[in-house]
Amino acid sequence: MIRDHTLETVIAGLLPQNVIVRAGPIVAAGPLPTLEAALVARAVDTRRAEFASGRALARAALAALGRPVPALGATRDAGPAWPQGVIGSVTHADGVVAAAVAVRGALTGLGIDIEGPRVLEASVWESVFTAAERAALCDARAAAQLFSAKEAAFKCLAALGPPPTDFSDFELIATRDGYHVRLASAARPLAHMRVRTRLHGERIVCAACCHSATGQPD
């Protein structure tokens, strides 16, 4: 398994210290554990490569966390079925893949996202951003960064319970070092959830985490 230590450091820098991150290039899929192989039995080669690379890094991260597993199943939305007591997230884009895992406790939700060089044209903003989010955007590049932040937030929210139906169900509110998250059904932002972003070369890297009511945002 080839690791991208620089990308790992970038992602880890957006998250609390107790989160384990593994990242690397997407490579051709080799033999997979039986459970995982069944999940991509009919997939095209590119999808198998993304899947296999992501699962390999996720298993490596779990081993580093002290929670090794021989294979990872899938949830209803096709994400990894993490071991009991563990939260995690996997993302891939622009030829790279990354996984982040942590023991569920003070940290109750986790989501990461990577976007390759891209812009998000104004014609699609209305379908993924709220009116307040659109009003704050200055260009298509900023829109791509906000979209990635919402992807990370969506994954984090899914770890807390039933995920939002779509991106209009929650709103990101800019802060000095990232974003707060406010659900459309709530008057105030979620007090213990944060989203952070960073540009890494031409890539956009985003991470979201949620602390328990007794924990403290990092």
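**Figure 1. Close-up of the pairing between β2 and β3 in the predicted model.** In β3, Val96 is the bridge partner of Ala93. The strands β2 and β3 run antiparallel and are joined by eight bridges. Two residues separate the two strands in their hairpin, where Asp94 adopts a positive phi near 55°.

**Figure 2. Close-up of Asp94 in the loop between β2 and β3.** The phi of Asp94 is near 55°, a positive value in a residue other than glycine. The relative accessible area of Asp94 is 43%, and the residue is therefore classed as partly exposed, a class that lies between the limits of 20% and 50%.

**Figure 3. Close-up of the open sheet of three strands, with the order β1-β3-β2.** Pairing within this sheet is antiparallel. Strands β1 (20-25) and β2 (86-93) stand at the edges; each has a single partner strand, so one side of each lacks a neighbour in the sheet. On average, neighbouring strands are turned by 10° against each other, with direction ignored.

**Figure 4. Close-up of the antiparallel pairing of β1 with β3 (residues 96-103).** Six bridges connect these two strands. Opposite Pro25 stands Val96 of β3, while Ala23 stands opposite Ala98 of β3. Strand β3 is mostly covered, with seven of its eight residues buried.

**Figure 5. Close-up of the helices α1 and α3 against the sheet strands.** Helix α1 (residues 5-12) packs on the sheet and touches β1 and β3. The direction of α1 makes about 140° with that of β1. Helix α3 (residues 45-65) lies across β1, β2 and β3 and runs at about 30° to β3.

**Figure 6. Close-up of the largest nonpolar core, which comprises 25 residues.** The members that touch the most other members are Leu120, Phe129, Leu172, Val181, Met193 and Val195. At least two residues of this core come from each of α4 (125-128), α6 (140-160), β5 (170-175), β6 (178-183), β7 (193-200) and β8 (203-211). Helix α6 gives the most, with nine residues. Another core, of 21 residues, lies apart from this one and includes Val19, Ile114, Val205 and Cys209. As general background, nonpolar side chains in soluble globular proteins tend to be buried together.

**Figure 7. Close-up of Leu172 and the residues in contact with this side of the largest nonpolar core.** Not counting residues up to four places away in sequence, Leu172 touches Glu133, Leu146, Ala149, Lys150, Ala153, Tyr179, His180, Val181 and Val195. Of these contacts, Val181 and Val195 are, like Leu172, among the core members that touch the most other members.

**Figure 8. Close-up of Lys150 in helix α6.** Lys150 has a relative accessibility of 0% and therefore counts as buried. With residues up to four places away in sequence left out, Lys150 touches Val128, Phe129, Thr130, Glu133, Phe167, Phe170, Glu171 and Leu172. Of these contacts, Phe129 and Leu172 belong to the largest nonpolar core.

Definitions and conventions: Residues numbered from 1 in each chain as written. Predicted model: local features only at pLDDT ≥ 70, side-chain atom pairs only at ≥ 80, totals over all residues. Heavy atoms only, no water. Core = buried A, V, L, I, M, F, W, Y, C linked by side-chain atoms within 4.5 Å. Buried < 20%, exposed > 50% of the residue type's maximum accessible area, 1.4 Å probe, protein only. Helix = DSSP H or I, 4+ residues; strand = E, 2+ residues; numbered from the N terminus. Contact = heavy atoms within 4.5 Å. Pairing = 2+ DSSP bridges. Axes fitted to C-alpha atoms, helices over the stretch in contact; angles between N-to-C directions.
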